[in-house]
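Open the model in your viewer and keep the selection box at hand. We will go from stop to stop, and each stop begins with something to select.

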Amino acid sequence: MNRMRFGIFLAPFHKPGINPTLALEQDLELVQWLDRCDYDEVWFGEHHSAGSEISADPMLMIATASQRTRHVKLGTGVVSVSYHNPLWVAERIVQLDHLTRGRVMLGVGPGSLPTDAAMVGLTQEHTRRLLAEGLDIMTRLIRSDDPVNFQNERWTLQDARLHLRPYSNFDIATAAVASPTGAKLAGRYGTGMISIGATTAAGFDALALHWDVVEAEAKHHGHVADRSKWRLVGLCHIAETMEQAKRDVEYGIEHWFHYFQEIAAFPQMSMPGQNAKEMIDFINDSGFGAIGTPEMCRAQIERLWKQSNGGFGAYLTLAHNWANFEATKKSYELIAREVFPHFQGQHHSTMQAAIRAQKMRPDLAVVHAKAVETAQAIYDSEKAARAAAE
């Protein structure tokens, strides 16, 4: 297994009615914590309605977070391409590429909330086509100096070019849930893919199929599909014991479920549960996520690895706000301490070193004890010699 990357997918989710200034500040503080804990990636969402996912512009979050972090890469998770002129999206991400010295990633999707699309006169029937057209324009602008000409009912481009060339060869990734749209685009344009609904029933069943689509489309369009660019999104909250983890998530899990059950028109995320206990049991029993111990988180990732039929490059935790901020930070720290090493090549070497040392300890302890005895005898002899000389 190659070194798996770890990160989060930050919508973000917040309970309607709380102070949005403090909520957004807390999101940025979380990113700083993840940077210190050696996470690889953070993806910021774009949403404009429904009251909970309150980040309207992932690029503003990236610009701010980049000044407070040192290592972690920062991505748009995702830009809803159908809402924007793709020329300006490409211009802004390239500017961020320069400002962050190559720490940006561009994630794109059609737009997940129908209430967002409705405000700009779109339906879900339009957004996937606009995503495909927009991604084609953006990849041409980013990868080439050639002018781009295009016209549809929303956008007109005339000899369009980027003002700046990219600072780096930054990642581009398409979002995928249950339909093959994201997988087809990833294969066609040689981009990565973010499987946002990887642990939903439909998403989990589609994992291997989605990668088959990526590989077939990539081959057809002359690309080589790269599994290291495939990111799977799942749900975890970890504590030192399962009992503590369950107590932690009582803070916010009911609001999160209610959002998907009653508010967000996003049927792939619809799930049962009338109270915190039923919701926790559903998460754990269905395989939708893991609320419990680091061992459960490891098992969840291994399950996804097996289902992917060949592996993937990164596991992203969907940032869910089930627990208060301190318990949330503790969960991410425990994942970094006790889960990362199992998938990044560090766990085996340190465990084997401990086993070897344990096997050698009895013999080495005898040698050590004899060495101490010899040193003591030498000292006693030297001491006696000095006393006799005096």
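A cavity is a set of grid points where a 1.4 Å probe fits but cannot get out. Keep in mind that this is a predicted model.

**Stop 1: the second largest cavity**

Select I196, G197, A198, T199 and T200. Add V233, G234, L235, M269, F288 and L318. These residues line the second largest cavity. Its volume is about 50 Å³. Which strand gives the largest share of the lining? Colour strand β9, residues 230-238: three lining residues come from there. Now colour the lining by class. You should find seven nonpolar and four polar residues, and no charged ones.

**Stop 2: the largest cavity**

The structure holds three cavities of 30 Å³ or more. Go to the largest, with a volume of about 120 Å³. Select D27, L30, A319, N321 and T328. Of the 13 lining residues, these five lie nearest the cavity's centre. Next, show helices α1 (20-36) and α12 (325-338). They are the elements that give two or more residues to this lining. By class, the lining of the largest cavity has seven nonpolar residues, five polar residues and one charged residue.

**Stop 3: helix α9**

Select residues 253-263, which form helix α9. Which of its residues are buried? Pick out I253, H255, W256, F257, Y259 and F260. Before moving on, look down the helix axis. In an α-helix there are 3.6 residues a turn, so residues three or four places apart point the same way.

What do the buried residues of α9 pack against? Show two helices, α8 (242-249) and α10 (276-286). Then add the strands β9, β10 (289-292) and β11 (314-318). The buried residues of α9 pack against each of these elements. You have met β9 already, in the lining of the second largest cavity.

**Stop 4: the cysteines**

Show the cysteine sulfurs. A disulfide is a covalent bond between the sulfur atoms of two cysteines. How many disulfides does the structure hold? The number is zero.

Select C37 and C297. C37 is in no disulfide, and its nearest cysteine sulfur, that of C297, is 14 Å away. Is C37 buried or exposed? C37 counts as buried because its relative accessibility is 13%, and the cut-off for buried is under 20%.

Finish at C236. Its nearest cysteine sulfur is also that of C297, here 3.5 Å away. A disulfide needs the two sulfurs within 2.5 Å, so this pair does not count as one. C236 is buried too, with a relative accessible area of 2%.

Terms used
Residues are numbered from 1 along each chain as its sequence is written. This is a predicted model: local features need pLDDT of at least 70, side-chain atom pairs count only at pLDDT 80 or more; totals for chains, interfaces and linings use all residues. Side-chain values use heavy atoms; hydrogens and water are left out. On a 1 Å grid over the protein atoms alone, a cavity is a set of points where a 1.4 Å probe fits but cannot get out, and a pocket is an open set with protein on both sides within 12 Å along at least five of seven lines; lining residues have an atom within 4 Å of a point. Grid points are joined across faces, edges and corners, and a volume is the space filled by probe spheres set on the points. Helices (H or I, at least four residues) and strands (E, at least two) are DSSP runs, numbered from the N terminus. Ala, Val, Leu, Ile, Met, Phe, Trp, Tyr, Cys and Pro count as nonpolar, Asp, Glu, Lys and Arg as charged, and the others, Gly among them, as polar. Buried means under 20% relative accessible area, exposed over 50%, partly exposed in between (1.4 Å probe, protein chains only). Contact means heavy atoms within 4.5 Å.
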